[in-house]
Amino acid sequence: MRHMSTPESITLTFDDIIFQARHQAYGAFDLRQNYRPALTRALGVGVGLFLLGLSVPTIYGHFFKTNQLVDDQIMISAKLIKLPDTPLEKPIKLPPVEKAPAVNTVRNLPLLVKPEADVVDEVLPPTTDQLKDATSGSVTAEGTGVEEVIMAPEASAPTVQEKAVELEAKPDLPFVAVEQMPEFPGGIEALQKFLGNTLKYPRAAAAAGVSGRVYVSFVVNADGTLTDLQLLKGIGFGCDEEAIRVMQKMPRWRPGKQSGRAVRVKFNLPIAFTLE
């Protein structure tokens, strides 16, 4: 009987199976075999560096704690100085308060309506003679002195000059807005025509190429005349003076009216200077 020998068992890895029919001299086989150990080492190094970074403050505080304690143990000694006791000031005695002099009083109780059975004695009000040198009070008593009474000076008759001041009429303040505003005779078109014919462009403004609007303010009286002419905003170069000159040549306006009555109204007007 022949005995057959069993071949020794061969252990194959996953990489051996993959590269069984391939050339194992290339680097891919070595990389696959060393991948897991390299990954383990990298993970260990990363964890170690992370733990080292966390422990650096603790290690630093452990080794450099001596100097900090020395700095913290520096103390400032202070000596308490007892201040001298300040003497107590004597209380200031106030002068005695003088009592106000009392005046003579006469009993004058309010009248009460009582039944006839409860009336014991009848108390009459004080007479005029009793109230000459006394005042009304709840009891009758004598005063301790004479009370000075400050009387208002008697009003004197007004002089002729004071009467003239009282009778002088104050001028009416101009309105700002009324029911019917003032208007140039003929309306806006007539006003524009008047300005176009009367207004002269100053040579200085024309030479400098200045143009713009000059704003003037004036008051239209109840009779239509223009007063209180003022310059609100100008542009210079002779335009302001020309606008005032033209306003002084304007005819009478139609006055403004409030409640059907002609009143004084303050009016603002822009005058345009335009180069053609």
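Buried means under 20% relative accessible area and exposed over 50%, with partly exposed in between. The exercises below concern a predicted model.

**Exercise 1.** Classify glutamate 183 as buried, partly exposed or exposed, and identify its salt-bridge partner.

*Solution.*
Step 1. The relative accessible area of glutamate 183 is 35%, so this residue is partly exposed.
Step 2. Its partner is arginine 254, and the closest N and O atoms of the two are 3.8 Å apart.
Step 3. The pair joins distant parts of the chain, 71 residues apart: glutamate 183 belongs to the loop between helix 4 (160-167) and helix 5, arginine 254 to the loop between helix 7 and strand 5 (256-258).
Step 4. Arginine 254 has 46% relative accessibility and therefore also counts as partly exposed.

**Exercise 2.** State how many salt bridges a search of the whole structure finds, and describe those formed by aspartate 228 and by glutamate 242.

*Solution.*
Step 1. The search returns three salt bridges.
Step 2. Aspartate 228 pairs with arginine 264, with 3.8 Å between the closest N and O atoms.
Step 3. Because aspartate 228 lies in strand 4 and arginine 264 in the loop between strand 6 (261-263) and strand 7, this pair ties together parts that are 36 residues apart in sequence.
Step 4. Aspartate 228, at 47% relative accessibility, is partly exposed; arginine 264, at 23%, is partly exposed as well.
Step 5. Glutamate 242 meets arginine 245 in a salt bridge with an N to O distance of 2.4 Å.
Step 6. These two residues of helix 7 are three places apart, so about one helical turn separates them.
Step 7. An α-helix has 3.6 residues a turn, so residues three or four places apart point the same way.
Step 8. Glutamate 242 is buried at 11% relative accessibility, whereas arginine 245, at 28%, is partly exposed.

**Exercise 3.** Determine how the buried residues of helix 7 are arranged about its axis and what covers them.

*Solution.*
Step 1. The buried residues of helix 7 (residues 239-248) are Cys239, Asp240, Glu242, Ala243, Val246 and Met247.
Step 2. Viewed down the helix axis, they fall within an arc of 165°, so they line one face of the helix.
Step 3. The face turned away from this buried side carries the exposed residues Glu241 and Gln248.
Step 4. The cover over the buried residues includes helix 5, helix 6 (203-208), strand 3 (212-220), strand 4 (226-233) and strand 7 (265-273).

**Exercise 4.** Locate phenylalanine 194 and list its contacts, leaving out residues up to four places away in sequence.

*Solution.*
Step 1. Phenylalanine 194 sits in helix 5 (residues 188-198).
Step 2. Its relative accessible area is 18%, so phenylalanine 194 is buried.
Step 3. The residues it touches are Phe184, Val246, Lys249, Met250 and Pro251.
Step 4. For lysine 249, 55 residues away along the chain, the C-alpha separation from phenylalanine 194 is 9.9 Å.

**Exercise 5.** Name the members of the largest nonpolar core that touch the most other members, and the elements that each supply at least two of its residues.

*Solution.*
Step 1. Among the 20 residues of this core, those touching the most other members are Val216, Phe218, Met247, Met250, Trp253, Leu269 and Ile271.
Step 2. At least two core residues come from each of helix 5, strand 3, helix 7 and strand 7.
Step 3. Beyond four places in sequence, the contacts of phenylalanine 218 include Leu229, Met247, Trp253, Val265 and Leu269.

Definitions and conventions
Residues numbered from 1 in each chain as written. Predicted model: local features only at pLDDT ≥ 70, side-chain atom pairs only at ≥ 80, totals over all residues. Heavy atoms only, no water. Buried < 20%, exposed > 50% of the residue type's maximum accessible area, 1.4 Å probe, protein only. Contact = heavy atoms within 4.5 Å. Arc of directions from axis to C-beta. Core = buried A, V, L, I, M, F, W, Y, C linked by side-chain atoms within 4.5 Å. Salt bridge = Lys/Arg side-chain N within 4 Å of Asp/Glu carboxyl O.
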